Amino acid sequence: MLITHDTRCALDTVVDLVNSAPEDGSAPDGLPDVPALEAFVRGHEVSEVGVLTEFDLSAVRRIRGRFASVFAAPDAHSAARLINELIAAAGTTPRLTNHDGYDWHVHYFAPGASVSDHLAADCGMALAFFVVAGEQERLRRCEAPDCRHAFVDLSRNRSRRYCDSRTCGNRLHVAAYRARRKEAAG
């Protein structure tokens, strides 16, 4: 599956957006206020975004939950329905652009769109490409029982199980090794 630079950026953005949500009542929200949203937008190089407000923060949090539902969708039909709703609500207007040193690429949001519509359109289209390619199962949640972060499995054989093999994967492998050693010794 060919993934263009702008699609990869949108995938990284949607994964980070979904993972900014608190997983339980004790975890802090990764987007607690407008300055955090501004940092998120700046860090992901989201272009053509004006001054952000509390309204924008609230709207981004709403679409964040809807994107989380895409990663939890049990099948391609469910994912497609959710993605179609996100993209339609954003008023998608594809257009070619070259800005900030990047060659020609497609933006899917209308000029002057809110940051939530911008994210819904660009990130929704990036996820739509996976459904179209029959690769919806690559939109996953970490299998570590204490994590559940979203990620996109871009491995060749679709075998990735953890959001980060150095943290979640390694932690579980070490725990399994220790359990085997304990059982063998006991």
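A residue counts as buried here when its relative accessible area is under 20%. By that cut-off Leu 139, at 5% relative accessibility, is buried in this predicted model. Leu 139 sits in strand S3, and a good way into the description of the interior can be built from this one side chain. Setting aside neighbours within four places in sequence, Leu 139 is in contact with Val 70, Phe 71, Leu 127, Phe 130, Phe 151 and Val 152. One of these partners, Phe 71, is 68 residues away in sequence, yet the two C-alpha atoms are 5.5 Å apart in space.

Val 70 is another handy place to look. With neighbours within four places again left out, Val 70 is in contact with Ala 79, Leu 82, Ile 83, Leu 86, Leu 127, Gln 136 and Leu 139. Leu 127 thus turns up in the contact list of Leu 139 and in that of Val 70.

Turning to the nonpolar interior as a whole, the largest core has 44 residues, and the members that touch the most others are Val 14, Leu 17, Phe 67, Val 70, Phe 71, Leu 119 and Leu 127. At least two residues of this core come from each of H1, helix H2 (34-43), helix H3 (54-72), helix H4 (76-89), H5 and S4. H5 is the top contributor, giving 11 residues. There is also a second, separate core, made up of seven residues, with Cys 142, Cys 147, Cys 163 and Cys 168 among them.

Aromatic pairing is a short story, as the structure holds one such pair. It is formed by Tyr 108 and Phe 129, whose ring centres are 6.4 Å apart; their planes meet at 65 degrees, so the arrangement is edge-to-face. Tyr 108 belongs to the loop between strand S2 (105-107) and H5, whereas Phe 129 is in helix H5 itself, so the pair ties together parts 21 residues apart in sequence. The two rings are not equally covered: Tyr 108 is buried at 14% relative accessibility, while Phe 129, with a relative accessible area of 30%, is partly exposed.

Charged pairs come next, with a count of 11 salt bridges. One of them joins Arg 8 to Asp 12, with 3.3 Å between the closest N and O atoms. Both residues belong to helix H1 (residues 5-19) and are four residues apart, about one turn of the helix. Arg 8 is partly exposed at 39% relative accessibility, and Asp 12 is likewise partly exposed at 34%.

A further salt bridge links Arg 138 with Glu 135, the closest N and O atoms lying 2.8 Å apart. Here Arg 138 is buried, at 9% relative accessibility, and Glu 135 is buried too, also at 9%. Arg 158, for its part, forms a salt bridge with Glu 137, and the closest N and O atoms are 3.2 Å apart. Arg 158 is found in the loop between strand S4 (150-152) and helix H6 (165-185), and Glu 137 in the loop between helix H5 (115-132) and strand S3 (139-141), so this pair ties together parts that are 21 residues apart in sequence. Both partners are partly exposed, Arg 158 with a relative accessible area of 35% and Glu 137 at 35% relative accessibility. Through shared partners, the salt bridges join Glu 135, Glu 137, Arg 138 and Arg 158 into one network.

Technical notes
Residues numbered from 1 in each chain as written. Predicted model: local features only at pLDDT ≥ 70, side-chain atom pairs only at ≥ 80, totals over all residues. Heavy atoms only, no water. Salt bridge = Lys/Arg side-chain N within 4 Å of Asp/Glu carboxyl O. Buried < 20%, exposed > 50% of the residue type's maximum accessible area, 1.4 Å probe, protein only. Phe/Tyr/Trp six-rings, centres within 6.5 Å; stacked < 30°, edge-to-face > 60°. Contact = heavy atoms within 4.5 Å. Core = buried A, V, L, I, M, F, W, Y, C linked by side-chain atoms within 4.5 Å.
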